[in-house]
Amino acid sequence: MVDDDQVSDCELLCVTEQCSDMEDSSDLYDVYGTDDSPPLWEDHQHQCLEDLENVECLRRKIKYYFMNPCEKYHARGRKPWKLILQLVKIAIITVQMVVTFKEENLLTFKHLFLKDYVDGSMDTYAVYRQADAYDHIDHIIRQYGHLHNITVGNHEYEKNGSLYTPLSVCQEFYRNGTIFPGNDTFEIDTKVETDCVNVYPMYHPSLLEALPHFELHFKRMLSVKITFVLKAINLQTVRHRELPDCYDFTVMITFNNEAHSGRIKIDLENDVDINECRDWKVTGASARNIYLTVLFDCLIIVTCITSFSLCTRSVINGTQLQFEYTHYCKNNCGKEVPWSDKLEFVNGWYILIIVSDTLTIIGSILKIEIQTKVLTSYDVCSIFLGTGTMFVWIGVIRYMGYFRKYNILILTLRAAFPNVIRFICCAGIIYLSYCFCGWIVLGPYHEKFRTLNTVSECLFSLINGDDMFPTFKNMKQKSSLVWIFSRVYLYTFVSLFIYMILSLFITIITDTYDTIKQQQQSGNPTSELQKFLSVCKDLPNSGAYRLDENNGCFLDRCINRFKKHQERLTSEA
């Protein structure tokens, strides 16, 4: 039975409307008052009180759904399994690692085969004279021939049967061309031809010795590509109780002359294939220890699947409660539940954890396949594992939100998010307009505006107050009109975004923070859902939330009724 002071005005109104017809028909009660059957008014009154009890039960269910793990433990004695599981998952996911052997070898190849290479100079690494181009090609061939004597790693040439795989030098050029810039005349055949020659290792030749008739057609040359394959074994994995990997590195050095600007850019890339070593022997490590990493990844997958199942169940329970609450408001009170109240039942933290578990499961599967030499997609694996780890750590903020002082950050971010998205959409249109304008007008005169990507990076740095002076200074003054336009362009962009748009963005966050702070200080319910729950004054440790026969809610009451029905049928039989 429910006390009268716990019944809201809406519920009283609903009960009054349901029972008003019975009050107006007192004459019928007088006529049938001597009947042996129970009075109709008493049946209806009993039904009204049962409806109120169901409403109170719904209120408790919703209030229990929004409790934190400690309150749920006091309410029903349920242990915070999801909290414990998330903490364990954070610890084991963070331990996962991906080896950086590929990137380290790429840097090694640059120092071995690129003449006078310095770290970080790849963007400006180029040749400008014909003799320098020949010297760089000669340097690559010499270093390749002397690889055994110069490398500090375990690099080796690739063998095809009993023969070594050769180094390939391929020159791409227009088939025919007669170019006279002095007379402003040229004749060109745009069909591209490729001329390749091979150089075998172990003979330590120079360019003239290996290719005595090699000639670069600079005026019609598009590129020179030098390709060779090296093999290596990654021994560092033995320390982590994992079988070493056997790598095949396909090294590609490109001399790019497509622009014909007098500057031939040089770039080095490598593709890697990971193979299972054919004959291996590891002393001091048993097979059981070697495959511990795979078992550890399997443990992570099982943990994430468990977390995924628990969070999915919570999301389903929240959706069902939302349907029950919507059905109650629509049928009993004639009200439509606003979307803001409906979204309260959708816990975004559970969605984040579900996404994190999905990414981690996929990344762990890829990691197992890499360890078993099935795949070589380190980049894809690292993206999945890295993003999953980031979401796992962000999910910890959910439990910080149960503290009143820390919860204001979460509430502010959630409340300000819609306004922030709308604001960013409007500001993004202005930002893109400046990007396209700078790319089209300033691209030929400023290196930071050469591509749309670099333009966006430059303008984003300006918004944050970085690199302002070099951006203004490096503008070439070849055209007075463009130079004046660049000043107007940069000054208006900085003034608009720093002094206006950025200030408005901060104002949106600040106003939302003040609003949330005032709501917390007042303690008054701000939504229909909060008003509905505020009627229930039962504390978590009051025992009202425990699922026994008397206090049980919908599902438990149905089970109890079914049991009683079965017992009655048994007794009658």
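What share of the contacts in the protein chain with a separation of 6 or more comes from residues 24 or more positions apart? In this predicted model, such residues account for 71% of those contacts. The protein chain has 573 residues, and 38% of them are buried. Its secondary structure consists of 21 helices and nine strands. The accessible surface of the protein chain is about 34700 Å², with 59% of that area belonging to carbon and sulfur atoms.

The structure holds four salt bridges, and three are described here. In general, side chains of opposite charge can pair when their charged atoms come close. Asp297 is paired with Lys367, and the closest N and O atoms of this salt bridge are 3.3 Å apart. Asp297 belongs to helix H11 (residues 292-332) and Lys367 to helix H13, so this pair ties together parts that lie 70 residues apart in sequence. Both partners are buried: the relative accessibility of Asp297 is 0%, and that of Lys367 is 8%. Each of these two values falls under the 20% limit that defines a buried residue.

A second salt bridge joins the side chains of Lys231 and Asp248, with an N to O distance of 2.5 Å. Here the pair ties together parts 17 residues apart in sequence, because Lys231 lies in strand S7 (residues 221-234) and Asp248 in strand S8. Lys231 is partly exposed, at a relative accessible area of 32%, whereas Asp248 counts as buried at 12% relative accessibility. In the salt bridge between Asp132 and Arg129, the N to O distance is 3.0 Å. Asp132 is buried, with a relative accessible area of 18%, while Arg129 counts as exposed at 56% relative accessibility.

Two patches were identified on the surface. The negative patch gathers Asp267, Glu269, Asp271 and Asp273. Of these residues, Asp267 is located in strand S9, which covers residues 264-275. Asp267 has a relative accessible area of 31% and is therefore partly exposed. That value also satisfies the requirement of over 30% relative accessible area for residues that make up a patch.

The nonpolar patch has an area of about 500 Å² and is made by Trp339, Leu343, Val346, Ile351 and Val355. Two elements, helix H12 (339-344) and helix H13 (348-371), each give two or more residues to the nonpolar patch. Val355 is placed in helix H13 and is partly exposed, with a relative accessible area of 36%. Helix H13 also holds Lys367, the partner of Asp297 in the salt bridge with helix H11. In contrast to the partly exposed Val355, Lys367 is buried.

The loop between strand S8 (245-256) and S9 contains His260. Although His260 is not a glycine, its phi is positive, at about 50 degrees. His260 counts as partly exposed, with 33% relative accessibility. Asn257 is also in the loop between S8 and S9, but Asn257 is buried, at a relative accessible area of 5%. When residues up to four places away in sequence are not counted, Asn257 touches Phe218, Met221, Leu222, Ser223, Arg263 and Ile264.

A positive phi, near 55 degrees, is likewise found for Asp116, a residue other than glycine. Asp116 lies in the loop that runs between helix H6 (101-113) and strand S1 (126-127). Asp116 is exposed, with a relative accessible area of 68%.

Leu496 is located in helix H19, which spans residues 480-522. The relative accessible area of Leu496 is 22%, so the residue is classed as partly exposed. With neighbours within four places in sequence left aside, Leu496 is in contact with Ile430, Tyr434 and Ile501. One of these partners, Ile430, is separated from Leu496 by 66 residues in sequence, and the C-alpha to C-alpha distance between Leu496 and Ile430 is 9.7 Å. The contact itself rests on heavy atoms within 4.5 Å.

Terms used. Residues are numbered from 1 along each chain as its sequence is written. This is a predicted model: local features need pLDDT of at least 70, side-chain atom pairs count only at pLDDT 80 or more; totals for chains, interfaces and linings use all residues. Side-chain values use heavy atoms; hydrogens and water are left out. Patches are made of residues with over 30% relative accessible area and no salt bridge: like charges are joined within 9 Å, nonpolar side chains (Val, Leu, Ile, Met, Phe, Trp, Tyr) within 5 Å. Accessible areas come from the Shrake-Rupley method with a 1.4 Å probe; for residues, only the protein chains shown count as cover. Lys and Arg count as positive and Asp and Glu as negative; His and the chain ends are not counted. The place of a charge is taken as NZ of Lys, CZ of Arg, CG of Asp or CD of Glu. Helices (H or I, at least four residues) and strands (E, at least two) are DSSP runs, numbered from the N terminus. Buried means under 20% relative accessible area, exposed over 50%, partly exposed in between (1.4 Å probe, protein chains only).
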